[in-house]
Amino acid sequence: LGVGTTDLDLAIVNGTVVTATDVVSCDLGIKDGRVALIGTGLGSSAANTIDATGKLLLPGGIDAHCHLDQESPSGLRHADDFYSGSRAAAGGGTTTIIPFANQKKHTPLRAIIHDYHERARGKAIIDYAFHLIISDPSEQSVGQELPALIREGYTSFKVFMTYDALRLTDGQILNLLAMARREGALVMVHAENHDCIVWLTEQLMAAGHTAPRYHTDAHSAVGEREATHRAIALAEIAAAPVLIVHVSAKEAMREIQYAQSRGLPVLAETCPQYLVLDSTQLDCAGFEGAKYICSPPPRDAADQEALWRGLASGVFQVFSSDHAPYRYADSGGKMKHGPNAPFSHIANGIPGLETRLPLLFSYGVRRGRIDINQFVAVTATNPAKIYGLYPQKGTLAIGSDADVAIWDPDKEVRITHSLLHDNMDYTPYEGTTVRGWPVMTISRGDVVCTDGEVVKAAGRGRFLPCKQPMVGTAGAIPGVRN
Ligand code: DUC
Ligand code: ZN
Ligand code: ZN
């Protein structure tokens with residue numbers, strides 16, 4: 001960029017810069033919102049200096065799976081909009097979010113995109129892209145609208161194998177996979193067997209098993225495994241890459257591993273709730289278990305262990321929150337059908353935007369399950385590559401956006417909801433103590449959060465058009481351990 005130290009807007013000095021491959025003690029120089037210099041002695045004449053002695057400088061996190069201001073299949077709207085959601089993200093060291101623009105049936109995709117841009121405009125405080133959710137794959141949507149939108153920067157979309165309002169047939173998914181392959185897009189799949197969920201729910205209801213804990217039985221690991229296998233088979237037939245989102249169980253993970261071992265371009269995501277929570281939480285007294293209802297559900301210790309190994313060995317490339325916020329004591333949230341509602345009528349989803357990174361740092365890095373480079377890879381670099389935002393986002397390199405999370409690796413925090421910046425009334429991680437916390441979050445060179453205080457106003461976040469996904473032909477992402 002041809003800048004000298006005297007031209008820098010900001011120098012972050014004396015810290016340890018971490019990327020997906022390196023850990024280096026050096027300074028970061030920022031100019032016009034981008035990383036301009038990486039070196040030593042940069043503080044002498046920059047306009048502003050931040051001393052990061054004892055701190056880690058990580059690429060700001062990318063949360064590639066979160067839901068903001070979106071209607072649920074049952075007509076509820078999420079508790080977080082683009083303002084509260086992006087505040088929460090920034091509070092937790094995340095600088096880019098990729099929420100969903102959810103297609104309502106019989107609605108043109110252009111109208112959906114326009115609508116979600118309106119929801120974000122003037123609200124987001126950090127940068128954002130969109131995935132589409134395709135619920136109505138008409139000839140018009142798949143044949144004309146999607147190819148055009150892909151070229152305009154909407155290069156990933158999610159399909160559902162369950163939920164009446166959203167689920168697609170195998171044939172419809174095949175059509176979308178084939179189109180994605182032709183156009184250079186990526187299909188993300190919610191893989192659960194719909195008929196198994198419906199049948200199990202009927203059996204449980206008939207037996208009077210309506211408490212929140214039975215949600216786990218209705219959303220069986222076998223049904224998840226079957227759908228994961230089928231989604232992979234469909235992608236194999238269409239010769240397309242596929243990404244299985246929110247994998248919760250060892251059985252589904254094995255299907256992914258098997259596919260990867262055969263060289264198929266099958267990618268996968270897991271989330272904090274599957275590593276840190278388990279099914280016993282849904283079994284707490286009264287209605288409290290509703291706070292942990294999400295799909296697929298948290299499973300058990302053996303699943304957690306398997307998923308940790310999968311994260312460490314590269315089965316999973318992406319670690320996202322799946323933030324799907326429904327307030328607990330709220331008739332617009334978990335209690336829409338009252339405090340004794342059967343599990344099948346309780347809103348599906350839990351919050352996690354702000355706690356995603358601290359949980360992984362504490363339970364993953366500090367406990368030696370993954371190293372700090374793997375942390376950066378699954379929380380920032382890989383999502384940037386996979387969703388077409390690299391190298392603008394996801395790393396700290398000359399020319400990249402100066403999105404930096406400054407971490408105090410020793411800071412102990414007892415998570416409690418009042419610390420968080422979302423619009424929820426609970427956190428599933430209430431009372432959990434973590435070690436390691438992002439003490440400052442910087443977006444394009446602007447400090448947006450410092451010591452737990454969000455200091456930037458709504459609306460500074462920018463929309464990010466996504467390029468083609470970087471997905472290698474054998475499931476490998478270039479430059480990423482696999
Ligand atoms: N799938 C998601 O990705 N999020 C919330 C609920 C769901 O089923
Ligand atoms: Zn899903
Ligand atoms: Zn989701």
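Here is a short back-and-forth on a predicted model, covering a zinc site and some backbone oddities.

Me: What makes Lys 158, His 190 and His 246 donors of the zinc ion (ligand 2)?
Reply: Distance. Their atoms NZ, ND1 and NE2 sit at 2.1 to 2.2 Å from the zinc ion (ligand 2). The cut-off for an N, O or S donor is within 2.8 Å, so these three nitrogens count. Along the chain, the donors follow the spacing K-x31-H-x55-H. Two of them link distant parts of the chain: Lys 158 is in strand S10 and His 190 in strand S11, 32 residues apart. Lys 158 and His 190 are both buried.

Me: And where's the zinc ion (ligand 3) relative to the zinc ion (ligand 2)?
Reply: The two ions are separated by 4.3 Å.

Me: Why is Asp 32 called exposed?
Reply: Its relative accessibility is 63%, and exposed means over 50%, so Asp 32 qualifies. You'll find Asp 32 in the loop between strand S2 and strand S3.

Me: What makes the phi of Asp 32 worth a look?
Reply: It's near 50 degrees, a positive value in a residue other than glycine. Most residues other than glycine have a negative phi. Tyr 163 also has a positive phi, about 80 degrees, and isn't a glycine; Tyr 163 lies in the loop between S10 and helix H4.

Me: How do you know which form the peptide bond from Ser 295 to Pro 296 takes, cis or trans?
Reply: Look at omega: it's near -5 degrees, and the bond is cis. Pro 296 is in the loop between helix H9 and helix H10. Tyr 390 and Pro 391 are also joined by a cis peptide bond, with omega about 0 degrees. Most peptide bonds are trans.

Definitions and conventions:
Residues are numbered from 1 along each chain as its sequence is written. Chains are lettered from A and ligands numbered from 1 in the order in which they are written. This is a predicted model: local features need pLDDT of at least 70, side-chain atom pairs count only at pLDDT 80 or more; totals for chains, interfaces and linings use all residues. Side-chain values use heavy atoms; hydrogens and water are left out. Donors are N, O and S atoms within 2.8 Å of the metal (3.2 Å for Na, K and Ca); water is not among the atoms, so sites may look incomplete. Helices (H or I, at least four residues) and strands (E, at least two) are DSSP runs, numbered from the N terminus. Buried means under 20% relative accessible area, exposed over 50%, partly exposed in between (1.4 Å probe, protein chains only).
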